[in-house]
Amino acid sequence: CYTMKLNYIFSLAVAAIALLGMTGCSHEAELIDTIPANVAGVARIDVSEILERAGFEEKDSKFEAPDYWKDAPAELLEVFGSMDTAIDLDDVMVVQTAAGKQIITFAVKDEKALVDVLEKNNKPVTKDDGYNTVETNKFSMIFNAKQGWVMEDRDVKSIISTVKAMEADAKKQSIAKLAGIKQFLEKDYTVNIAGNTAAMTQNDTPAELQDVWGTVGINVEEKQITFEGHALKADGDIVEVKELQAINPAVLSYIPGATNFVALAGCTPQINWDGFIEAVSTLGGVQARGVMGILSPYIKSIDGTVMIAAGASPDSPFDDFDSWQFITMIHMPQAKVNEALATARDMMSRYGIPFNEDKEGAMSAQLSPDMTLYAGNIDGYLAVANRPFSPNRQNGLAKYFVNKNGGLYFDIPSMRLFNPSAPAWGINVVAEVNPDNVKGAVKLNGSNDDILPAIIKAAM
């Protein structure tokens, strides 16, 4: 029915506002003062820049949609425009509380205008405990003349209780009192995200990380989306990652030219792998726990570059993932490399899997008519691949990884390789890990279109 349609449209609008909204100047300090320092995470987004990058134009305090949005329901666009007159879309914060609840808070510019737009769209506003309140089948909202809060909860009493608890905690210590985190949230990114390590990991946080926050700043530009991350102490000091070292780019020469995915990290023996091993064991069940029991001694012995690379075979369709070429190279003490290979030989003999060895000791085993696995001690690395090892591959990847502690390369030439009706452009992601930051960029392949409208149009 029409009412259900409006409910759905309005819910989408508020969800979009929640995802888009957060920055500003006039009310910014007030909002930060209402967010407690013990939150698990907080995010801040420059909605105006996002809308501008998406092709919207602001006229007479309302956003006019670009042509590719014209098929969107008129009610949705009207709600967007009206909301801009009622609340400050440049100053909204999304909070993950210490109790695990998500809440959106924003500055109210015009209380009456907000009541009007809600009731005009069949969302009756009532009073409860001094707040204006709205309940829908998707979310609840409470607000007063200065500030509003939204939760994905139909119970208004619950959101009032959560807001009062946040305000009480913020009076003890707000996030504004954490100088380094406040300064980060005020930086000129399109999106600012800060996560509290101690609050996210509860009792499992190492002592050295108790005061550390993970931060990511994202900028939506015309042709690319860039990001930069740091580990920060609450006072703003950058925490360097000492568990990583410079990668050895020589391993890149073993990657085939047709490569779509590469991940590298320069590991040191200081890395505590216990959490990773336990997570994989838990998520994968009994079988994974058994496998990790075998692999655990080797994982804990890693003391250098680790590389994983994969790419489509030039002789097969791009989406035939079974035919993709892959290679993994892991540096560890030579005794451990040899021990791992001896274990592999023993297991293949035990299970009757025939294999061959070349004069260098590299093994090859045909696991199926279409799959041959290669393993060996290659330049001091434990290496596993489904193609013969060759150190003379030309792929142009070195420029992304030289003098870095880690990195990621992901490249899809065209989305039509997956679906003929998909956009012709593809996606390219490059990231680098340095001692004091992680940064990278997302770009379109084969297109000069602005990146955000292109992605939105594809999603629509």
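In this predicted model, Met-347 counts as partly exposed because its relative accessibility is 32%, a value that falls between the limits of under 20% for buried and over 50% for exposed. Met-347 belongs to helix H10, which spans residues 334-350. Together with Val-291, Ile-294, Leu-295 and Tyr-351, Met-347 makes a nonpolar surface patch of about 460 Å². The most to this patch is given by helix H9 (residues 274-299), with three residues.

Leu-295, a member of the patch, also appears in the lining of the largest pocket, where Leu-295, Thr-328, Ile-330, Leu-382 and Val-384 lie nearest the centre. The volume of this pocket is about 1100 Å³, and 33 residues line it. Helices H9 and H10 are among the elements that each supply at least two residues of the lining. The others are the strands E13 (261-266), E14 (305-311), E15 (325-331), E17 (363-368), E18 (371-378) and E19 (381-385). By class, 31 of the lining residues are nonpolar and two are polar, while charged residues are absent.

Four cavities of 30 Å³ or more were counted. The second largest cavity holds about 60 Å³ of space. Strand E15 provides the largest share of the lining of this cavity, three residues. Gln-325, Phe-326 and Ile-327 are among the lining residues, as are Tyr-254, Pro-256 and Ala-385. The lining further includes Asn-386, Arg-387, Pro-388, Phe-389, Ser-390 and Arg-393. In terms of class, the lining of the second largest cavity consists of seven nonpolar, three polar and two charged residues, whereas the lining of the largest pocket has no charged residues.

Conventions:
Residues are numbered from 1 along each chain as its sequence is written. This is a predicted model: local features need pLDDT of at least 70, side-chain atom pairs count only at pLDDT 80 or more; totals for chains, interfaces and linings use all residues. Side-chain values use heavy atoms; hydrogens and water are left out. Patches are made of residues with over 30% relative accessible area and no salt bridge: like charges are joined within 9 Å, nonpolar side chains (Val, Leu, Ile, Met, Phe, Trp, Tyr) within 5 Å. Accessible areas come from the Shrake-Rupley method with a 1.4 Å probe; for residues, only the protein chains shown count as cover. A salt bridge is a side-chain nitrogen of Lys or Arg within 4 Å of a carboxyl oxygen of Asp or Glu. Helices (H or I, at least four residues) and strands (E, at least two) are DSSP runs, numbered from the N terminus. Buried means under 20% relative accessible area, exposed over 50%, partly exposed in between (1.4 Å probe, protein chains only). On a 1 Å grid over the protein atoms alone, a cavity is a set of points where a 1.4 Å probe fits but cannot get out, and a pocket is an open set with protein on both sides within 12 Å along at least five of seven lines; lining residues have an atom within 4 Å of a point. Grid points are joined across faces, edges and corners, and a volume is the space filled by probe spheres set on the points. Ala, Val, Leu, Ile, Met, Phe, Trp, Tyr, Cys and Pro count as nonpolar, Asp, Glu, Lys and Arg as charged, and the others, Gly among them, as polar.
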